[in-house]
Amino acid sequence: MVRGKGRMGSAGEGIGLVFLTLALCIAIMSEQCQGRSAYEEPANCLRLECAPYQVIHSQKDYEIRSYRTATWISTSPINSNSYRDAVGHGFNILAAYIQGNNDQAASINMTAPVLVDMFSSTASSRNKTFTVHLYLPQKYQNNPPLSRQVHPVKLPKHRHAAVKRFGGFMNDTNIPGQVLALKKSLEGTPWESSIARTQSRGRVPCSVAGYNSPYEYENRANEVMFWFD
């Protein structure tokens, strides 16, 4: 009798351990998928002021972010068939602005990322339209210095973004592949339908974000982004 009771006790303890283990696993998985980033903070955000966001969902290949509206400085749209040429031209304008080419003659600290909105042109043209943005430091959020070459804008226009990160140098060859990879990762998810609904209501850019200068060769962080509401 005593021996049988001992076996029942061991079995009960074993079942309890299984349920406890399952509960812990579910809790850990939930924490990984909600509120925790799939990516480490870009190295440059340890020394530069970076545009803030909150991760609301993450997977191995992408994460979903929520952004607060903030003031950025923007170039006018640039028509080009080359990402490299358009962004090089746009960033030179922004660099002049933060180095003092503004109505306050203010020297503004560099921030990250450099955000580029990309719009496809008509089917008969190979050109795209690029708009280059730079996040303004908190010091200037409510009173941005003005310039004839750039203008302040409130971004993002859409509250959420699906984001995929990759390394190396962004160019006209690897960006389309990263965009396609993000699109495939989102197939069958609720985010895919949310992005489609947002795009159906108007012209929405695919954006890329870069966190490094052209002279940094290690720990490069780039992102492709689909915006949605």
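How much space lies in the second largest pocket? The exercises below work towards this and other features.

This is a predicted model, where local features need pLDDT of at least 70, side-chain atom pairs count only at pLDDT 80 or more, and totals for chains, interfaces and linings use all residues. Residues are numbered from 1 along each chain as its sequence is written, and side-chain values use heavy atoms, with hydrogens and water left out.

**Exercise 1. Describe the second largest pocket.**

Step 1. Fix the term. On a 1 Å grid over the protein atoms alone, a pocket is an open set of points where a 1.4 Å probe fits, with protein on both sides within 12 Å along at least five of seven lines. Lining residues have an atom within 4 Å of a point. A volume is the space filled by probe spheres set on the points.

Step 2. Give the volume. The second largest pocket holds about 550 Å³ of space.

Step 3. Find its centre. Of its 24 lining residues, Met118, Ser120, Val179, Cys206 and Phe226 are the closest to the centre.

Step 4. Sort the lining by class. There are 14 nonpolar, four polar and six charged residues. Ala, Val, Leu, Ile, Met, Phe, Trp, Tyr, Cys and Pro count as nonpolar, Asp, Glu, Lys and Arg as charged, and the others, Gly among them, as polar.

**Exercise 2. Do the same for the largest pocket.**

Step 1. Its volume is about 710 Å³. Val87, Asn212, Ser213, Pro214 and Arg220 are the closest to its centre, out of 27 lining residues.

Step 2. Look for the main contributor. Helix 2 (83-98) gives the most to this lining, with six residues. Helices (H or I, at least four residues) and strands (E, at least two) are DSSP runs, numbered from the N terminus.

Step 3. Count by class. The lining has 14 nonpolar, nine polar and four charged residues.

**Exercise 3. Locate the unusual backbone geometry.**

Step 1. Recall the background. Most residues other than glycine have a negative phi, and most peptide bonds are trans.

Step 2. Find the cis bonds. One runs from Ala112 to Pro113, and Pro113 sits in the loop between strand 6 (111-112) and strand 7 (114-120). Another runs from Leu155 to Pro156.

Step 3. Find the positive phi values. Ala105 has phi near 50°; Asn219 has phi near 55°.

Step 4. Buried or exposed? Ala105 has 59% relative accessibility, so Ala105 counts as exposed. Asn219, at 62%, is exposed too. Exposed means over 50% relative accessible area, buried under 20% (1.4 Å probe, protein chains only).
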